[in-house]
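Q: Please take a close look at one part only, the place where the two chains meet, and explain it slowly enough for someone in a first year of study.

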2 protein chains.
Amino acid sequence: MAYENTEIKGRLANLRKKMAELSVDYYMMPTSDFHNSEYSADYFKVREYFCGFDGSNGTLVVSKDEAGMWTDGRYFIQAENQMKGTDVALFKMMNPGVPTISEYLVKNMKSGQTLGFDGRVISTSIGEDLEKKLSDKGVSFKIDKDLAEDVWTDRPELPCHDMYVLSDELCGKSFKEKLSDVRKKMEEYGTKAHLLSKLDDIMWLTNLRGNDVECNPVALSYAYITMNQFVLFVQSKEVTADVKDYCHKVGIELKDYHELTSFLEDIKFEGDVLYDKRNTNFLTYKTLLKKAADCGVKLVDKYNPTELMKAVKNETELKNIREVYVKDSAKLTEFIYWVKQNVGKVPMTEYTAAMKLDGMRAELPGFIELSFPTISAYNANAAMAHYEATEDNAAEVKAEGMLLVDSGATYMGGTTDVTRTIVVGEISDEIKKHYTATVSGMLNLAASSFMEGCTGRNVDTFARAPLWNIGLDYNHGTGHGIGYMLNVHEGPHNIRWRFAKGADEQALLPGMIVSDEPGVYVEGSHGIRIENIVEVVDRCKTESGKFFGFEHLTYVPIDLEAIDKKYMDAKSVEQLNAYHKAVYKKISPLIKDEAVLNWLKEATREI
Amino acid sequence: MAYENTEIKGRLANLRKKMAELSVDYYMMPTSDFHNSEYSADYFKVREYFCGFDGSNGTLVVSKDEAGMWTDGRYFIQAENQMKGTDVALFKMMNPGVPTISEYLVKNMKSGQTLGFDGRVISTSIGEDLEKKLSDKGVSFKIDKDLAEDVWTDRPELPCHDMYVLSDELCGKSFKEKLSDVRKKMEEYGTKAHLLSKLDDIMWLTNLRGNDVECNPVALSYAYITMNQFVLFVQSKEVTADVKDYCHKVGIELKDYHELTSFLEDIKFEGDVLYDKRNTNFLTYKTLLKKAADCGVKLVDKYNPTELMKAVKNETELKNIREVYVKDSAKLTEFIYWVKQNVGKVPMTEYTAAMKLDGMRAELPGFIELSFPTISAYNANAAMAHYEATEDNAAEVKAEGMLLVDSGATYMGGTTDVTRTIVVGEISDEIKKHYTATVSGMLNLAASSFMEGCTGRNVDTFARAPLWNIGLDYNHGTGHGIGYMLNVHEGPHNIRWRFAKGADEQALLPGMIVSDEPGVYVEGSHGIRIENIVEVVDRCKTESGKFFGFEHLTYVPIDLEAIDKKYMDAKSVEQLNAYHKAVYKKISPLIKDEAVLNWLKEATREI
């Protein structure tokens, strides 16, 4: 007899009972929190609870008689294993003949039926798309009820951790100054109110931080802004005495996180309302829409003004970031030394190496948390885009090939992100060729000059050219913005080359920081990525206009064991030597161990 | 007493009389023909007739009591001089406080009044914009009458020159094959009819040519296409017996050019209608719109399918183009030799030098016409964007500095475009620095490899990088497409770097040809531009994807007298030497004069 997963089946039965009670015919559970954060807390793992599959991407749809789970190619095998005996069908996204979720719903749902989902965990674009496609069929929506609430009895708590206040000195700009800038933008857009749903924007604006999302120092929150009011919605339990005092002092009105919907239902808008559709969940959007119609005002969809303000770092932030990056660089350099000294001598796996590095970072003064889970990938594993070593499933690192380590942390004074691919033994000539081209690309972009007005699409090719010249490419962007004591990925700028019709592009501006991370990935063989973070700086102003460039923030040696000069042009050799000279100058004062220092000297030698 | 231009005043009085007769309160005259061609024939110079100003950009608006003429900064002085004593006010476009035409009309026109213009010389976007802005004010439009028709008694004829047929062998693809491709696209867009207004597209599609627009081998025409009909509207007088036979043979139904409007009024659309708003004039658009509404069908606005088909040259076209470019290159090389030999010895002006070159080109077998009026600009004149030397107004070319020559022709087998900046005497070290960087940029772009999907915005910076690195830029695009025995400027691809929100971008595809023309312009001192035409070619296909690159089509020496190796990196030196080696190999067989050949050997020497 086939294996039956009675636990999952029981949970689904309870869910279906609830659905019947509420007359919900189809219930959809995606993977998100209320703010589309990069990492969702356990509280939000509803899909996992009801089907057993715990990959990072999946949407479960349940009806009276059927259940289906959609995920992408990374997870087909894992999902099949984890959903065995649950009677949940696996829908392999992007595979030929496999319907999308909306196609499936359009095909199966009947007039008069109801589609349910928690409107807080669905993006507005997905919600609107479903509405558009299903409204013709006479399907109703129930989006104001999270059915798991009553069914999932041992559900983890909603994350709720103490918030804290950053000093104006540390932030370089007070909340009041920032708020005044936001209000100017609101005026410019002809709006009188602004609902802000994006967690890192709210943190940046208020100079507050929290700890409700893994690796992101943010509190679950919303902010409602008018010309004379600033309301911050956070869980009351997170508000420490310090935070309360600060809010009182600077004029932040505190309300509980769960009051948002009722607050919006009660409010009267005095003018048009600014919001950012990309970051507003469907329930909030619908609530806003209804209220705006009631008040006879319009919703104005624009990027949150805070997004660009936050991306262009102020002088204080830059000063602190530069210092933090040097400290972080020195620590990573010590780690590289440790790997090279110990590989083949002590037991080492991808996982234990990552643990070692995380521990070293945690010792640094001002350490808050990792900025993302450290990626540690050995040889062929490094060629897999989303490879994640775990304690139970990690390759042994032997004295051959390379170990790719992509890591970073948030400290008081900045958030870091850096990748080095460390040679731990013999490597082939082909790998050296790939490695050298990757390094040339990273340095070539960092050394480029470009005119005011250039976006990431104009400069991305500087990083790719040395790879494209030998028929190689990497299937990811070259760069992303990084927060200040905030999320490791932030917009609005990035460095990518592909044309997307109608997509907006943000010009690079002095004060922005951005990653520069080309790579080479050869399936089954090796993966190389070299990532520095660079700062956009003024280069010169001439009669032709303003020219910008980059300065490195990251100062970690690039492994010369994988560099072969025959694959490099003279300019790249010069750039590498100049970079290594700077690395030694910047980080050697922070390295106390004589042996490491001697090694560093050698590792940054001129070639 | 102030000077009075009684001739212009008399013409304006006649126009106003006509306006009164037809109850037109404001009459607008822009600068265009019916197809928004790059060059307008004398027949279309209505604005010049009524105000005296003959610059290349200007719009005249006349009301009962006032007349105003809008032009841009290039022409303020000329317009003031030419309009003296006419009582026509000059509106300096883009100057602070100066209203745009639509702002002026919105301010001055009153409810119940009528704005008139010839709807065939106004683009749809401008027409729609005026409609939108003036409709609220209760303004009516009269767009079906060219008032100059009755007033301008000695008006030149509408250009009307014999058309001719190109053989299928010369075109590489027959009309029928091309038409079948167009119909496939029409189907793909869900349309049953297609109105084509773009002259070079019509010529390309029919394998016909004409001579109604200066420098463009095109006939004034429209084409109406359904799944079983192809109607070509051209002036009956242009249709030679050959053309008539050909059309009969391939199934082209001929109608007179002037029948289009009545044809559209009588027709019945059987399905949605494909058109390209960018290239359809306002009267035609309104006629289509009304008829579509009457027939209950939709207008579908897409780029003409012919535009991309025409841009990707077929193998026959490419073979012929390559040959033609070598011949044209050899001729230009002989001209450069002539300039260098004769400067300072014989009388030479910018104008006579251009005449000399034009004459040399005209001697080449298969020469049809210049592809644009030759630009010949000496020293500081070369720094002016729209400088045009005329017989009466041309600088003397002396044995010092440089002469910039931008020129080209259409031959049986291709249309050329090439710029060289020729050293004719002493030049400064600064000029050498600028010249060397310009050449490095041109060669750097031409040598680049790039991935399938790249548009001009991705690769433009390859040409600019050497200039940007020294704080220089040029205020024009790097490249434009070029027709096959057609217009010297064609889309849909180009090479430009600036971001324009929502603007479409065409990926570069093998078979496209495009110019590569960086430059440096220093006001009052010098202008440098080096322009090669390059062909997009396949480079390689790897696991990362497809890579494309460029091959030169132009083979003309680059003036080594202006190159200083100290301003060049090793890679650029290599590229220049390789290019010069190819130049000698390609064109030396065509050069018969021993002296020129000896000079060429020296001019293409390795550095």
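A: In this predicted model, chain A and chain B bury about 2,600 Å² between them, where buried area is the accessible area, found with a 1.4 Å probe, that two parts lose on being put together, summed over both. Of this area, 56% lies on carbon and sulfur atoms. On the side of chain A, the three residues A:N458, A:W468 and A:F499 supply 21% of the area that the chain buries against chain B, which is more than any other three residues give. Counted by residues, 31 of chain A are in contact with 31 of chain B, contact meaning that heavy atoms lie within 4.5 Å.

Before going further, it helps to know that residues are numbered from 1 along each chain as its sequence is written, and that chains are lettered from A and ligands numbered from 1 in the order in which they are written. Because the model is predicted, local features need pLDDT of at least 70 and side-chain atom pairs count only at pLDDT 80 or more, while totals for chains, interfaces and linings use all residues, and side-chain values use heavy atoms, with hydrogens and water left out.

Turning to charged pairs, the rule finds 4 salt bridges across the interface of chain A and chain B, a salt bridge being a side-chain nitrogen of Lys or Arg within 4 Å of a carboxyl oxygen of Asp or Glu. The side chains of A:K501 and B:D504 form a salt bridge, with 3.5 Å from N to O. The rule also finds 16 residue pairs in polar contact across this interface, with both residues at pLDDT 80 or more; a polar contact is a pair of N or O atoms within 3.5 Å, where, within protein, one must be able to donate a hydrogen and the other to accept it, and residues adjacent in sequence count only if both atoms are side-chain atoms.

As for the elements involved, β21 (450-451), α17 (456-468) and β27 (532-542) of chain A are those that give two or more residues to the side touching chain B. Here helices (H or I, at least four residues) and strands (E, at least two) are DSSP runs, numbered from the N terminus. The most comes from α17(A), with 6 residues. Sorted by kind, the residues on this side of chain A divide into 12 nonpolar, 10 polar and 9 charged, where Ala, Val, Leu, Ile, Met, Phe, Trp, Tyr, Cys and Pro count as nonpolar, Asp, Glu, Lys and Arg as charged, and the others, Gly among them, as polar.
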